Structure formats: structure tokens, C-alpha cells
Amino acid sequence: MSDAEPDVTVHGSGEPEVAVVGGIHGDEPSGVRAVERLRAAGLPLERGVKLVVANPPAVAAGERYLETDLNRSFPGDPDGGLEERLAARLRAETGGLPTLALHATHSTTEPFALAEHTRPAAYELAARLPVRRVVDPHPVADGDFRNGGPVVAVEAGCQGTDAAAAEAERQARAFLAAVDALPGDPRPDADRTRDYYVLEGAVEKPPGADYELLATNFERVDAGEPFAVAGDDPLVAPRSFYPVLMSECGYADIFGYRASRVGRSLDGALAALGVDR
Ligand SMILES: [Zn+2]
């Protein structure tokens with residue numbers, strides 16, 4: 001029996017120069033649906049594009065992953081467990097290509113982008129997508145999808161919804177326009193302000209309780225303010241933070257992440273982060 005591998009199709013003319021990846025998490029069907037719609041759309045592509053479903057066995061099972069979280073399994077291992085092998089294959093398939101990874105969340109319906117400021121090409125690409133917020137996950141995310149090229153992730157909305165599938169397709173089309181694979185302007189909303197955040201750490205859940213999240217993602221929680229309830233106990237912020245990817249049920253052990261806001265423009269964020277351009 002052949003080993004599980006990413007489901008890859010190639011579109012447009014010439015060698016693939018760009019990739020769009022859905023299904024890194026098998027319980028986020030929106031990215032898979034977006035990839036399927038793009039495959040069927042007859043896009044007027046001006047560059048070669050790879051469209052990828054990253055973890056078909058997890059997608060078939062409707063599970064986030066089967067052995068290990070694929071988005072924590074990079075760089076991968078051809079001789080490792082299922083997701084480690086898939087990570088190695090995905091890296092080989094998309095190596096060096098500007099790549100959009102499509103995700104969905106329990107935390108918010110509004111799309112946002114994730115990219116590392118230490119990889120300016122990815123960061124600038126994220127800032128060209130039709131999103132209001134760009135989050136740098138680097139200090140927290142270990143083993144997430146990277147392929148040596150500029151990788152941008154988008155959280156397209158609420159897991160399992162039609163709205164997230166439509167948003168994932170919209171973001172993918174905007175990404176393809178941003179890398180000149182599709183004609184048109186990726187960001188017709190060019191004047192809209194963007195907020196830039198850096199993740200600083202996870203927000204732990206006390207074990208074995210019922211949880212209620214009081215905070216709203218991307219709305220600042222002040223020091224001393226309760227941000228959640230565990231059982232009957234309010235959880236109070238020791239210092240102010242911006243909640244990102246926080247929900248009651250999205251992760252087993254954590255609510256999500258605390259972030260700081262580093263700027264309200266690309267130039268401002270890069271200056272605050274000490275990046276020379
Ligand atoms: Zn995901």
C-alpha cells in the first residue's frame with residue numbers, strides 16, 4: 001500500500017511558482033473546500049500554481065490530526081509518524097515557493113493573517129491580503145509549516161462554516177493576485193488600517209473545569225481584568241494583553257494566546273520590531 005501523501009494538483013502554465021495549501025488540519029474543511037473550488041474554477045492563471053490538500057487522511061477522518069499536529073511537525077521526517085512524513089512531503093512539494101496556508105478557528109469569524117516579521121517577504125505578503133490584522137506567531141509556534149519560502153497563513157473564520165469556506169477562497173484569490181498569478185488588485189481595500197501583533201505566549205486552562213471565555217479576540221484585556229471563568233473562579237490577567245486565537249474549546253490545554261500590538265501600519269510594525277528595510 002502506498003504511503004499517505006498530500007493531494008497535489010498543478011495548474012496554469014510553466015513550472016509551479018506559487019502554492020495554496022488547505023487541509024493542514026483535517027477538522028477545518030473550509031480550506032479543503034476552497035482548494036476544490038479553485039481547482040474547478042478554471043482560473044485565468046498567469047503563473048504555475050500548486051493546489052494542495054495537506055493531510056488527506058485527517059480530512060477523511062474529520063480530525064485535526066491522526067498522530068501529531070501537522071502544524072507542529074515541521075520540518076518533518078520521511079521515516080517518522082504519519083504527520084512527520086506528510087510534513088516532509090509538503091516541504092518538498094512547496095519548497096521555496098510563496099505559499100498560502102488556509103486555516104479556520106473557533107476563536108473569531110473575522111479573517112486574519114499570520115506571518116513572521118523575520119521573513120520580510122512573507123510579512124509584506126500578509127500585509128497585502130484583505131485582512132485587518134496580521135499576527136506574528138513566531139515566538140510561540142514551534143514546528144509550524146515552513147518550506148524555506150515566504151509562507152503566509154490565513155485564519156478564514158469559524159471552523160466548519162460555509163462563510164469560512166467562502167472567505168478562504170476569497171483570501172486564496174487575493175493571495176494569487178498578490179503574487180501576480182491572477183490578474184487584478186489583491187487588496188481593493190488598500191486604505192484600510194491594519195493592526196500588527198506578536199504572540200507572546202499561551203494562556204493556560206486550569207485542568208478539569210468548565211470554561212467560559214469573557215475576553216473578545218483582539219480586544220485588549222487590561223491588567224487585573226477577568227478574561228475567563230474556570231468552574232466558579234474568575235481568571236484575572238496579571239498584565240494587559242491582546243487575546244488571539246482564544247476560545248473555550250479550540251485547544252485542549254490552553255485558551256489560546258496572548259499578544260502585544262506592535263503597530264498599525266506595516267512600516268510602523270517593522271520599525272517597532274527593529275527590522276531594517
Ligand atoms: Zn488550522
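**Exercise 1. Work out in which sense β2 and β3 pair, and over how many bridges.**

Step 1: β2 and β3 run parallel and are joined over six bridges. Two strands count as paired if DSSP finds at least two bridges between them. Strands and helices here are DSSP runs numbered from the N terminus, with at least two residues of type E for a strand and at least four of type H or I for a helix.

Step 2: Look for a pair of partners. Val21 sits opposite Val52 in β3.

Step 3: Check how covered β2 is. Five of its seven residues are buried, so β2 is mostly covered. A residue is called buried if 20 or more other C-beta atoms lie within 10 Å of its own, exposed if 12 or fewer do, and partly exposed in between, with C-beta atoms placed from the backbone.

Before going on, keep in mind that this is a predicted model: local features need pLDDT of at least 70, side-chain atom pairs count only at pLDDT 80 or more, and totals for chains, interfaces and linings use all residues. Residues are numbered from 1 along each chain as its sequence is written.

**Exercise 2. Place β2 and β3 in their sheet and find the edge strands.**

Step 1: The sheet is open, with 10 strands in the order β1-β3-β2-β4-β7-β5-β6-β8-β13-β12, and its pairing is mixed.

Step 2: At the edges you'll find β1 (7-11) and β12 (242-244), each of which pairs on one side only.

Step 3: On average, neighbouring strands of this sheet are turned by 30° against each other, direction ignored. Axes are lines fitted to C-alpha atoms, for helices over the stretch in contact, and angles between N-to-C directions run from 0 to 180 degrees.

Step 4: Now zoom in on one antiparallel pair. β8 (residues 195-204) and β13 (residues 254-263) pair over eight bridges, and Tyr197 stands opposite Arg261 in β13.

**Exercise 3. Say which strands helices α3 and α5 touch or lie across, then take a closer look at α5.**

Step 1: α3 (residues 82-94) lies across β1, β2 (16-22), β3 (48-53) and β4 (99-105), and runs at about 170° to β3.

Step 2: α5 (residues 162-178) packs on the sheet and touches β2, β3, β4 and β7 (151-158). The direction of α5 makes about 155° with that of β7. Contact means that the C-beta atoms of two residues, placed from the backbone, lie within 7 Å.

Step 3: Check the length. At 1.5 Å a residue, the 17 residues of α5 should span 24 Å, and the end C-alpha atoms are indeed 24 Å apart. The expected span is 1.5 Å times one less than the number of residues.

Step 4: Check the surroundings. Since 13 of the 17 residues of α5 are buried, the helix is largely enclosed by the rest of the structure. Ala166 lies in α5 and is partly exposed, with 16 other C-beta atoms within 10 Å.

**Exercise 4. Describe the sheet of three strands.**

Step 1: This open sheet has the order β9-β10-β11 and antiparallel pairing. Its edge strands are β9 (211-213) and β11 (233-236).

Step 2: Three bridges join β9 to β10 (residues 226-230), and in β10 the partner of Tyr211 is Ala230.

Step 3: Four bridges join β10 to β11. In their hairpin, which has two residues between the strands, Gly231 takes a positive phi near 65°.

**Exercise 5. Track down some unusual backbone spots.**

Step 1: Most residues other than glycine have a negative phi, and most peptide bonds are trans.

Step 2: Asp180 has a positive phi near 65°. Asp180 lies in the loop between α5 and β8 and is exposed, with 12 other C-beta atoms within 10 Å.

Step 3: Leu245 also has a positive phi, near 55°. Leu245 is in the loop between β12 and β13 and counts as buried, with 26 C-beta neighbours inside 10 Å.

Step 4: A cis peptide bond joins Phe74 and Pro75, with omega about 10°. Pro75 is found in the loop between α2 (56-61) and α3.
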